[in-house]
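Welcome! Have a look at the model below, then work through the exercises at your own pace.

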Amino acid sequence: MSSDTRFDPASADARWQHAWDQAQTFRADSNSIKPKSYVLEMFPYPSGRIHIGHVRNYTMGDVLARYKKATGHEVLHPMGWDAFGMPAENAAMEKGVHPGGWTRANIEHMKAQLKRLGFALDWSRELATCEPDYYGHEQALFLDLYEAGLVYRKESEVNWDPVDMTVLANEQVIDGKGWRSGAEVEKRKLNQWFLKITDFAEELLDGLGSLENWPDKVRLMQENWIGKSRGLEFSFDLSGGEKLPVYTTRPDTIFGASFVAVAADHPVAQGLDSDAARDFIALCKRGGTTAAELETAEKLGFDTGITATHPFTGADLPVYIANFVLMDYGTGAIMAVPGHDQRDFEFATKYGLPIPRVVAASAEDAGKPFDGEAEAGEGVLVNSDFLDGMAVEDAKREIIARIEQQGRGQGKTVWRLRDWGVSRQRYWGTPIPFIHCDTCGVVPAPKDSLPITLPEDVDFQTPGNPLLRHPTWKHVDCPKCGGKGIRETDTLDTFVDSSWYFLRFASQPADKPFDKDEIAKWLPVEQYIGGIEHAILHLLYARFWTRALAHMGQIDVKEPFASLFTQGMVTHETYYSTKTVQVRAEGETEYRPMKTLDRFYSPEEIIRTSDGATLKDNGAPVEVGRVIKMSKSKKNVVDPDTIIDTYGADAVRWFMLSDSPPERDLPWSEAGIEGCSRFVHRLWRLFGAFDGGARGADQALDRQVHRTVAAVAEDIESLGFNKAVARIYELTGAVEKAQGSASRSAAVRTLAQLVAPMMPHLAEEAWAAMGQQGLVADADWPTVDPTLLVEDEVTIAVQHKGKLRDTLTAPKGAAREDLERLALASEKVQRSLDGAEVRKVIVVPDRLVNIVT
RNA sequence: GCGGGUGUGGCGGAAUGGUAGACGCCGGGGACUUAAAAUCCCCUGAGCUUUGCUCGUGCGGGUUCGAGUCCCGCCACCCGCACCA
């Protein structure tokens, strides 16, 4: 081949993508006798266009999948669409398009975009969760869970927009108001469907221990989320004569309780008969329902006038309604210990309640005042009668024992984890397969009536749930009594869809969700890759769903993802212009100029130089802002199609793998992708210099080639792509410098194989041009000769006073005494020593000598 | 607020407690060219009294012969918080 022919990505990409399709190179065969490897990336929501973050995610998985194939595995690497969800309904409302049409058009476009990147995917297993042949099986599984007693209904609160007559997602509530209507959001109670994830709390917690190949941080986050805590539940006697059960994880601090607080929904609060109390409860109901909002909101309380008797001191403690107490956790009522809980501290400060100290560093500190905040740490008990002097843990045990003796309560394990509410009052989701009948109650739909499909003729121009107001859809006969019934009009949370898609990828019979034996062949997923934002919800729900199916005997796997990797985001600089406005602060008479943000510009609108940026249109300078996650509102996005057009798929893929460690954020830069593109062409020139007939050996080069093959393999297996990239750069430089020889020719061919998982199009082109047989995608990973990995000479660092003074070369495995002698003989070392007395010499064989004076 | 993470040159980053800055980008200088692009070569943490020395991994302490790495205390930024996916 001619080395002056430039590599043309546009034609090569299409040619090889077509060749892989034709040969069905990436089709996974369940019946293969090879060891199986299931590589999976989190499937995308079809929002319209592939985001650069997807490109990064899927490129990582692709490199691993191609490498696994080269190392003799039968690889399952599928792709599909998490196709239900709110954006489709938003599009329907804004543009008047049907959610299904919008979603399917998006899928088609995004599939074409993924194909352009040359991913080694088995497209024959593609699935979309919005199609009845997927969600029909999901309905069947939901009915199975119901049979197993894992599904139930209960009242639960939602954000209600009184103008749009609709339930709002948390993200649709902005400052307590509906995002579209601007109306004040209310909390409203609805009967909703729940999955009993709490039945599996202990299992899900214990199971984390077996997930050694999950990041510690994700395991920790799930552990905290499940939140197992040992505490005490006991009852206060109220002034009205009733008993008020409270739950606390700090029973040791009971002598520090200075008031009692209940949630706004608590019966004690609801039972109050005064306008002031009702007003306060209404106030609590405004605003969002999220934990973050509740806990950052200003602490507010209402004194009910009721008092509670302290079980040991007999003191009367005031009972408040407090906006930071959650009805869903514990008993919905707490004993408040302001000295040792920050929320209680803030509340007590605001309402002038006492803040006694009951834990201190030592007994002498019993009278020490608080320094503006609660102290939640360890210490010994003080001012606590019979607990004085005890450590926190001992005091907990003691108080639980006493309360149990009194018959007033008991030690109790409480979980933070709550049951999973799966009801959504929306159209674009899986219909929940139940029928409401006046005589029979809630009746499961018969399995042979599945799939219960969504009606197509819906409109989104009127407020409210389209399923609820559809003229015919919900009317159906009761399967039990044959009388008039009404379909459930709630649909399932889209997290349900993503809780079993990895099973459907592995096995997709038409008549059932999956086949048990086929699941056993592929699961668990060997490597799962996705964003850290899914660390808790998606991954916990998928683990739960898998365990629930195993519990019912439908599958034999308990943990779906053997190894998890969470990749970082793709970020980009922001560009913006400023304008000067005249402002006047309240009370000031003069206006003064203030610089403020005018608008953001997209990277395509500007020219970036080393010291700034200017507008393409008129050369006006713009500000270069922080490097942040790409987002449409900040306009700092790059479109994968555009960059593939310009640089080709391989340069884009290479960029995704270069520099930044995969778990960290990757800053996109024009200069960076230019550099990658240059490297693609540089490699192409090197491949052009392949000479199959060259003679002669170059042992140093052989060694480096084998070292690099071994290292790159290790790097890919540990997903250290940036390190693999650096090693390939190094080897490329060495091969370029080497004289012609058989070693060099072999090195060039090996290099093509090393880059094949990362730059598959270039590699195929080179492979063919070198006259190699078949596709490089089908070729075996180069073998490593272990004898070539052993070094015979090493560089020894010589330190004096812990600082490097000299380096010397010594044979590998040289004796300590020899190294010491060589080090002391060094002229530079002698100069540094300057006659000082050598007190000690530390020798680390093959590494360094440190001389201590 | 609670939970989790990150912090090393101009930039992305590398470094089993053992030579800090591999590799890439940017920048500077040179070669080739009528010229440009492309390509190739060299230099590139800071400072200084420059055969070399000192400082330097967010900040302040500590352990160690030796700390980017381990320990304690801070700061800044990022992510999650149950109806976004």
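**Exercise 1: Meeting the RNA**

Find which part of RNA strand B the side chain of Gln425 approaches, then describe the surroundings of the strand.

Solution. Keep in mind that this is a predicted model.

- Step 1. In the side chain of Gln425, an N or O atom is 3.0 Å from a base nitrogen of RNA strand B.
- Step 2. Now try two other side chains. Asn722 has an N or O atom 3.3 Å from a phosphate oxygen of the RNA, and for Arg847 the distance is 3.5 Å, to a sugar or linking oxygen.
- Step 3. Step back to the whole surroundings: 67 residues lie around RNA strand B, and Asp82, Asn170, Arg426, Ser660 and Asn850 come nearest. Of the RNA atoms within 4 Å of the protein, 65% belong to sugar and phosphate.
- Step 4. Sort the residues of this surface by type: 26 are nonpolar, 18 polar and 23 charged.

**Exercise 2: Reading a sheet**

Work out the order of the strands in the open sheet of 4 strands, and which strands stand at its edges.

Solution.

- Step 1. The order is 35-34-37-36, and the pairing is mixed.
- Step 2. Strand 35 (803-811) and strand 36 (840-844) each have a single partner strand, so they stand at the edges with one side lacking a neighbour in the sheet.
- Step 3. On average, neighbouring strands are turned by 20° against each other, direction ignored.
- Step 4. Follow strand 36 to its partner: it runs antiparallel to strand 37 (residues 848-852), joined by 5 bridges. Here Lys840 stands opposite Val852 of strand 37.
- Step 5. Finally, add helix 25 (residues 816-825), which packs on the sheet and touches strands 34, 35, 36 and 37. The directions of helix 25 and strand 36 make an angle of about 120°.

Notes. Residues numbered from 1 in each chain as written. Chains lettered and ligands numbered in written order. Predicted model: local features only at pLDDT ≥ 70, side-chain atom pairs only at ≥ 80, totals over all residues. Heavy atoms only, no water. Near = heavy atom within 4 Å. Polar contact = N/O pair within 3.5 Å; in protein donor to acceptor, adjacent residues only side chain to side chain. Nonpolar A, V, L, I, M, F, W, Y, C, P; charged D, E, K, R; others polar. Pairing = 2+ DSSP bridges. Helix = DSSP H or I, 4+ residues; strand = E, 2+ residues; numbered from the N terminus. Axes fitted to C-alpha atoms, helices over the stretch in contact; angles between N-to-C directions. Contact = heavy atoms within 4.5 Å.
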